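User: I have a structure to go through and some short questions about it. Can you take them one at a time?

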Amino acid sequence: MYTQGLNIEAGDKSIPIERDEGERARRFQAKIDAEQRIEPNDWMPEGYRKTLIRQIGQHAHSEIVGMGPEGNWITRAPSLRRKTILLAKVQDECGHGLYLYAAAETLGVSREEMIDQLLAGKAKYSSIFNYPTTTWADVGAIGWLVDGAAIMNQIPLCRCSYGPYARAMVRVCKEESFHQRQGFELMLVLCRGTAEQKRMAQDALNRWWWPVVMMFGPSDADSVHSAQSTRWKIKRVSNDELRQRFIDVTVPQAQFLGLTIPDPELRWDEASGHWRHGPIDWSEFNAVVAGNGPCNAERLRHRRKVHAEGAWVREAALAHAAKRAARTRSAA
């Protein structure tokens with residue numbers, strides 16, 4: 001879908017060659033400043049390409065690893081309706097990963113290489129997926145909070161300067177919006193149910209709130225890649241601004257549910273028109289990112305297991321593709 005029409009053969013005469021690297025860089029930035037998309041055939045600085053590979057790769061890995069915590073509840077969902085909803089959502093997440101791997105491949109990196117880096121523990125994915133899902137309410141909290149935060153972060157990516165990434169995000173955001181509504185509806189049912197169900201919903205909120213708030217990444221002052229990514233218009237909105245948008249939207253939703261945000265310092269600031277939150281424990285975030293979260297080892301162990309178990313499917317697909325190609329050649 002995204003690799004269509006690439007001119008990546010060595011010495012391709014259709015790619016104009018400019019000898020002045022500085023001039024190419026100037027034209028590249030001018031194109032971005034003019035809000036024109038960069039496409040795979042366009043010249044780009046190596047730093048731009050590497051930044052996109054890192055970001056899109058992490059995004060794709062997050063979608064794939066994120067299937068696990070929720071997929072674990074498919075067989076234990078409380079009704080057939082809930083089972084089918086959750087199954088459809090997990091399938092969507094798999095599709096998102098495939099869109100994103102395809103977008104990254106337009107930058108010259110193979111899907112196999114990216115997956116090998118993930119399985120080797122060399123590639124990162126969102127820290128949020130290193131937390132356990134201990135109750136059914138966690139499925140609702142993930143849809144409401146995690147997907148809600150993802151939407152805040154991903155909607156600006158629909159205007160990313162790199163065309164294949166931006167186009168992939170349009171469909172991803174539409175589906176994530178539906179997932180967020182599903183999660184909120186699940187939490188609403190629990191909050192309007194028995195006292196025990198509402199306590200379960202509150203417990204899920206208590207455990208997921210701060211990890212989700214940290215999902216947006218470190219504060220702007222400590223964000224290593226933000227300035228350059230903003231200049232290249234890969235990134236459109238800062239970490240702190242996205243975090244504030246999420247909190248402003250989510251606090252009234254929690255109030256509607258009758259749940260309490262687990263932040264004793266949370267308050268409404270009339271002057272700014274924003275909800276002000278308490279201090280974030282960045283030591284926890286750094287520990288999880290470094291691989292020391294509650295489920296880091298478990299998540300990678302699971303991915304390695306299912307990757308090995310799926311080897312026969314990949315081999316069969318390649319064999320089938322080879323046979324079709326051979327039949328096409330013999331018929332030509």
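Analyst: The turns below cover ground rules, a cavity, a helix, a valine and the cysteines.

User: Ground rules?

Analyst: This is a predicted model, in which local features need pLDDT of at least 70 and side-chain atom pairs count only at pLDDT 80 or more, while totals for chains, interfaces and linings use all residues. Residues are numbered from 1 along each chain as its sequence is written, and side-chain values use heavy atoms, with hydrogens and water left out.

User: How many cavities of 30 Å³ or more are there?

Analyst: The count comes to one. A cavity here is a set of points, on a 1 Å grid over the protein atoms alone, where a 1.4 Å probe fits but cannot get out; lining residues have an atom within 4 Å of a point. Grid points are joined across faces, edges and corners, and a volume is the space filled by probe spheres set on the points.

User: What's the space in the largest cavity, and which residues lie nearest its centre?

Analyst: The largest cavity holds about 120 Å³. Its lining has 13 residues, with I85, L86, V139, Q182 and L186 nearest the centre. Two or more lining residues come from each of α4, α6 (137-154) and α7 (163-191). Helices are DSSP runs (H or I, at least four residues), numbered from the N terminus.

User: Which element gives the largest share of that lining?

Analyst: α7, with five residues.

User: Switching to α5. Which of its residues are buried?

Analyst: In α5 (residues 111-119) they are M114, I115, L118 and L119. Seen down the axis of α5, they fall within an arc of 135 degrees, so they line one face of the helix. The arc is that of the directions from the helix axis to the C-beta atoms. Buried means under 20% relative accessible area, exposed over 50%, partly exposed in between (1.4 Å probe, protein chains only).

User: What do they pack against?

Analyst: α2 (46-65), α4 (80-105) and α12 (296-309), with contact meaning heavy atoms within 4.5 Å.

User: And V213, buried or exposed?

Analyst: V213 counts as buried, at 1% relative accessibility. This valine is in helix α8 (residues 195-213). Leaving out residues up to four places away in sequence, V213 touches R243 and I280.

User: Last topic. How many disulfides?

Analyst: Zero; a disulfide would be a pair of cysteine sulfur atoms within 2.5 Å. For C94, the nearest cysteine sulfur is that of C173, 18 Å away.

User: Are C94 and C295 buried or partly exposed?

Analyst: C94 counts as partly exposed at 27% relative accessibility, whereas C295 is buried at 4%.

Note on methods:
On a 1 Å grid over the protein atoms alone, a cavity is a set of points where a 1.4 Å probe fits but cannot get out, and a pocket is an open set with protein on both sides within 12 Å along at least five of seven lines; lining residues have an atom within 4 Å of a point.
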